[in-house]
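Open the model in your viewer and keep a selection box handy. We will go from stop to stop, and at each one you can check what is there.

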Amino acid sequence: GVGATLPLKVRLGGGVVRDVSTPPGATPVVFSFHPPTLSSITPTLSQAFPTLGVQVLLRGENFGSFATEVTVRVGETAAIASVWSGDGAISCTVAPGAGAGLPIYVRVANQDALPPPFSFSYDPPMITSVRPSLGPASGITVVSVHGYNFGPPGGSPPTLSLSRGVLGVSEV
């Protein structure tokens, strides 16, 4: 089973099911299963362009003995799809993004996995060319930086910097 603070029910003669009640002011009678725990994540690096999404397999225990609702987040971003694959496995498609060392959060049947021991990193940005590569010491020079893994479309624009200043970003 899965879940936390589940109300107990009693089956009475004749098949009547009743919630267990407690006297007024008493603590409700509930039951919780052990929380889910992660033991591994594959891959830990995106190994794909960040605009494609990445298939990730999470292994652990206490994911439940039957198909149940699961959610996975990488940092603050929810996975595109999370699928229960058994008591010890969840597969998901990580949403496009950017960043390194982002914690993995797992929730199964409204119960959070123990604190995240694993993290996920998107491939780092790669610059393939800068045009022009030479500019004057004063004034404004428009520079085109080409490459990939600058983050998903519509995301926050990256910050580009030089050893002696910051470049403004107008378009990604």
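Start by selecting Glu76 and Arg73 and showing their side chains: the two meet in a salt bridge, at 3.4 Å from N to O. Bear in mind as you look around that this is a predicted model. Are the two partners buried or exposed? Glu76 is exposed, because its relative accessible area of 68% is over the 50% cut-off. Arg73 has 29% relative accessibility and so counts as partly exposed.

How many salt bridges are there by this rule? The count comes to two, so keep the display style on for the other pair. Select Arg107 and Asp112, which form a salt bridge with their closest N and O atoms 2.6 Å apart. Colour this pair by accessibility if your viewer can do that. Arg107 is partly exposed at 31% relative accessibility, and Asp112 is also partly exposed, with a relative accessible area of 46%.

Now go back to Arg73 and pick Ile104, since Arg73 is one of the residues that Ile104 touches. Leaving out residues up to four places away in sequence, the contacts of Ile104 also include Leu38, Ile41, Leu58, Val72, Val74, Pro116, Phe118, Ser119 and Phe120. Show them as sticks around Ile104 to see this neighbourhood.

From here, widen the view to the largest nonpolar core, a set of 21 residues. Which of them have the most contacts inside the core? They are Leu58, Ile104, Val106 and Phe120. To see where the core comes from, switch to cartoon and highlight strands E5 (37-42), E6 (54-61), E7 (70-74), E10 (89-94) and E11 (102-108), each of which supplies at least two of its residues.

Stay on strand E5 and select Ser39, which is found there. What does Ser39 touch, not counting residues up to four places away in sequence? Its contacts are Arg59, Gly60 and Phe118. Phe118 should be familiar, as Ile104 touches it too. Draw a distance from the C-alpha of Ser39 to that of Leu58: the two residues are 19 apart in sequence and 7.8 Å apart in space.

For the last stop, turn on the surface and select Leu6, Leu8, Val10, Leu12, Val20, Val29, Phe31 and Phe33. Together they form a nonpolar patch on the surface with about 560 Å² of accessible area. Zoom in on Val29, which sits in the loop between strand E3 (17-19) and strand E4 (30-31). With a relative accessible area of 35%, Val29 is partly exposed.

Definitions and conventions: Residues are numbered from 1 along each chain as its sequence is written. This is a predicted model: local features need pLDDT of at least 70, side-chain atom pairs count only at pLDDT 80 or more; totals for chains, interfaces and linings use all residues. Side-chain values use heavy atoms; hydrogens and water are left out. A nonpolar core is a set of buried Ala, Val, Leu, Ile, Met, Phe, Trp, Tyr and Cys residues joined through side-chain atoms within 4.5 Å. Buried means under 20% relative accessible area, exposed over 50%, partly exposed in between (1.4 Å probe, protein chains only). Helices (H or I, at least four residues) and strands (E, at least two) are DSSP runs, numbered from the N terminus. Contact means heavy atoms within 4.5 Å. Patches are made of residues with over 30% relative accessible area and no salt bridge: like charges are joined within 9 Å, nonpolar side chains (Val, Leu, Ile, Met, Phe, Trp, Tyr) within 5 Å. Accessible areas come from the Shrake-Rupley method with a 1.4 Å probe; for residues, only the protein chains shown count as cover. A salt bridge is a side-chain nitrogen of Lys or Arg within 4 Å of a carboxyl oxygen of Asp or Glu.
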